[in-house]
Every structure is written in structure tokens, then in C-alpha cells.
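Student: Could you take me through one part of this model closely? I would like to see how a sheet and its salt bridges fit together.

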Amino acid sequence: MAKDDFTKIEAVSGENGQIEAGDKGGVSRPDRRKFLQNTSLASIAAIVGTSIPFGANLPHGFVPAATAQDNPLAGKDGLTLLNDRPVNAETPPENLDDAITPTERHFIRNNGLLPDDMDASTWTLTIDGFTDTPMELTIADLREQFEVVTRALALECGGNGRAFFDPPAKGNQWTYGAIACSEWTGVRLKDVLEKAGVQSNVVYTAHYGADIHLSGDPEKSPLSRGLPIDKALTDNILIAFEMNGEALHPMNGAPLRLVVPGWPGSCSQKWLTRIELRDVVHDGAKMTGTSYKVPAYPVEPGQDIPEEDWVIMERMPVKSLVTFPANGTDLAEMGTEVRGHAWAGDRSITKVELSKDFGKTWMDAELDAPVNDGAWQNWRANVTFPQAGYYEVWARAIDSEGEMQPFAIDWNAKGYLNNTMHRVGLRVG
């Protein structure tokens with residue numbers, strides 16, 4: 001497909017999830033139609049939200065009628081499209097109010113195009129490298145040979161909050177919504193690796209998926225990252241084949257993916273086909289250079305940092321989100337319940353505090369324990385206001401090691417790990 005087919009414009013979510021054109025950052029409606037005409041049948045099936053039994057009979061160049069509105073987020077609800085080659089979309093905070101994120105509200109972070117074949121019945125996962133017993137497993141094998149578990153696990157893109165860096169950082173301009181906590185069903189990565197036999201020289205895993213590089217070159221991978229072996233052998237990392245009690249959504253990695261809570265979402269390889277055990281830090285696609293890395297020390301905005309001074313991101317920082325009421329809400333009453341979620345990578349949250357007077361005073365929110373290790377924690381508080389006017393509710397979380405969300409964070413050129421406090425503005429009375 002010609003590069004010129006993809007005129008860059010912004011696409012943002014309008015009413016009822018429709019796509020509206022802006023001025024930069026996505027793909028225009030006419031050019032999206034060209035994209036649909038040239039994409040794979042599996043990708044079209046994902047866009048319309050189901051399989052296409054007679055898809056082989058669809059004449060070349062025909063676009064299914066269901067895509068007439070050119071919405072690449074069919075099957076998702078209320079997401080904001082940031083880019084559609086590859087598809088990346090976030091969820092506005094008010095659409096993340098559920099304690100467990102519904103599949104249709106889970107954000108999308110893709111680096112390449114969807115695989116041509118996502119048939120769960122023929123899918124295989126290879127475990128190899130420095131193992132005692134290399135294995136090739138079907139999804140049925142995973143179900144039969146290992147304990148199947150279900151866990152609520154939080155996933156967050158490392159670039160969540162990138163839109164708020166000044167000067168701007170390159171990449172998808174995520175605001176708040178590249179976070180979700182769905183229920184995932186699968187088997188523990190630890191159990192599978194231990195059955196394969198982890199040799200004593202292993203220091204890192206390497207993950208490989210079936211997604212297609214944007215160039216279409218089968219020799220190139222859009223993403224292949226890994227984990228330190230000590231992290232890979234913890235208890236709450238899953239090789240997942242279900243999401244909220246159903247098969248995985250195609251845009252979220254069907255039919256098999258990793259779920260690594262508390263670390264950047266890039267560690268949670270989608271469309272998973274292989275896990276290799278390595279005796280060196282993995283050097284796959286987007287593991288080298290400055291990809292998914294941050295400076296090893298504080299830097300000035302715009303400062304040039306030598307490549308050797310970047311370090312791989314691991315644990316995500318403490319963070320919270322207000323999901324109700326929505327930013328910009330008009331309140332007729334002089335008080336309201338405020339609620340949301342908080343999370344802190346591998347740690348737990350010990351306190352969430354709210355301010356209604358621009359940070360002069362703070363009140364404690366009621367905080368739930370996580371439903372299991374790796375889940376976010378839900379919180380709520382009743383907030384009253386002394387008189388009519390404009391107010392902001394600020395939220396900040398404190399984790400089990402005493403780290404608190406800051407007012408501002410150090411700038412970094414990649415726009416990663418922004419965990420500044422979330423604020424919502426309210427008009428009262």
C-alpha cells in the first residue's frame with residue numbers, strides 16, 4: 001500500500017463514538033476506505049466485530065456495508081481514536097467508571113496490523129531457547145496441562161499521559177485513558193516456563209507475536225519485548241485466552257496474549273506465538289535504542305540525552321483517576337459522590353486523598369483493597385461545596401512504599417510515566 005494513501009489528520013471521538021475529522025494525527029475518511037480495501041479479511045472481521053463466513057467471496061476492493069461510516073472502532077464503545085494505522089484508541093475517564101473494565105471499553109494499543117489468521121483452534125505457542133524441554137502448545141493444551149485461573153489485572157500503556165508534556169513528546173497523544181482493569185483468564189506464565197525447564201543461565205524472556213509490521217514485510221516485527229526472568233516467574237502474569245469471560249477481542253490480542261500487570265503494556269505481547277528464554281537482555285523490536293526507556297537521571301525540557309543514559313522501563317508509578325463525575329459537569333446540588341481507581345505498578349495503594357480547594361486541604365477517600373494482586377483499587381468520597389461556583393476536585397494516591405502522585409514530573413523526550421494528579425472541573429449550583 002502506498003505511503004501517500006495515508007494522509008495524516010486528527011480523528012477524535014464525537015457523539016455516540018462516531019469519528020470526526022480534525023487537522024492531524026490519524027487517517028482521513030477517504031484514505032481509510034483505501035485502507036479497508038487493501039487490508040486483510042481478518043482485520044475487516046475485527047472491525048465489523050465478528051467473523052465473516054462468506055468472506056472469501058467478497059470481491060477485491062469491496063468494503064463491507066457495515067463499515068460505511070468508516071469507523072475502525074466497531075465493537076468498541078465510547079473510545080477516542082488517536083491513530084488508525086496502527087489502531088490506537090483511549091477511553092475517556094468517565095467511561096472507565098466500572099470496577100472491572102468491560103471489553104468494549106478497554107483501550108487499544110497496537111504497533112502493527114492484525115494477523116491474517118486468528119483461529120484459536122489451530123493457534124500454537126512455542127516455548128524454547130535455554131529450556132530443558134522445548135514445547136509447542138495449543139490453547140487446548142494450555143487448558144488441559146496447567147491450572148486455569150481468572151484474575152482482574154490492570155494494564156496501562158507506558159505513554160499514558162504523554163499529551164501533557166511540554167515541550168510535546170512524539171508519539172500517540174494519550175491523555176488519561178490508556179488504562180484498564182479487565183478480568184483475564186488463562187494460565188500462569190510461571191507454570192509454563194517451569195514445566196519447560198528454565199536453565200540457570202537465563203536472564204530474560206523474549207516475546208513474539210503474529211501481528212504484521214506496518215510495511216507488510218514478513219521479516220520485520222512491529223514489537224518483540226521481554227521481561228527479566230525474575231519478573232517472568234512471579235505469580236500474577238498470565239498467558240490469557242479469555243477476557244471478561246469471553247474469547248479475547250481481536251484488537252486486544254486474540255486468541256492468545258500475555259498480561260503483565262503493573263509494568264508497561266508493551267510487555268504484554270498480543271497475538272502471542274512464541275516465548276524464548278535468553279541468556280542476554282532481549283534485543284527485539286522496540287527493546288533497543290530509546291524505545292520504552294526513560295533517562296537515568298532528571299533532565300531539562302528539550303535536553304539531548306546520550307543513548308547509553310536511557311534505562312528500560314519496568315514498574316509503572318503510583319497513579320489515580322477520577323471517573324465520576326466527568327470533567328466539566330454541572331451540578332445542581334451542593335455535593336456529589338466522587339469516585340475512581342488507583343494503582344501503583346507492583347505495589348498496593350494505601351491512601352487516596354481529594355482536594356476541592358486547589359490543594360490547600362485534603363480529605364481521605366474510602367479505599368477498597370484490590371480484588372487480587374495486580375488489580376487496581378476502587379475509591380469513593382462524598383464531597384460538599386460551600387457555595388455556588390467553579391471548583392476542581394484533585395485526586396492523589398499514595399502507594400505502599402510511601403510514594404505520592406506529584407503535581408508535576410520530570411520531562412522526558414519519549415513522554416513516558418506521566419503520573420501527575422488527575423483534576424476534574426465542576427460548576428456547582
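Tutor: Happily; here is a look at one open sheet and some of the salt bridges. This is a predicted model, in which local features need pLDDT of at least 70, side-chain atom pairs count only at pLDDT 80 or more, and totals for chains, interfaces and linings use all residues. Residues are numbered from 1 along each chain as its sequence is written, and side-chain values use heavy atoms, with hydrogens and water left out.

The open sheet has four strands in the order S17-S19-S23-S22, with antiparallel pairing. Strands here are DSSP E runs of at least two residues, numbered from the N terminus, and two of them pair if DSSP finds at least two bridges between them. S17 (319–324) and S22 (366–367) each have a single partner strand, so one side of each is left without a neighbour in the sheet. Strands S19 (residues 335–343) and S23 (residues 377–384) pair over eight bridges, and Gly 335 stands opposite Thr 384 in S23.

Now the side chains. A salt bridge puts a side-chain nitrogen of Lys or Arg within 4 Å of a carboxyl oxygen of Asp or Glu, and the structure holds 21 of them. One of these joins Glu 366 to Arg 380, with the closest N and O atoms 3.5 Å apart. This pair links strand S22 to strand S23, across 14 residues of sequence. Glu 366 is partly exposed at 49% relative accessible area, and Arg 380 is also partly exposed, at 21%; buried would mean under 20% and exposed over 50%, with partly exposed in between (1.4 Å probe, protein chains only).
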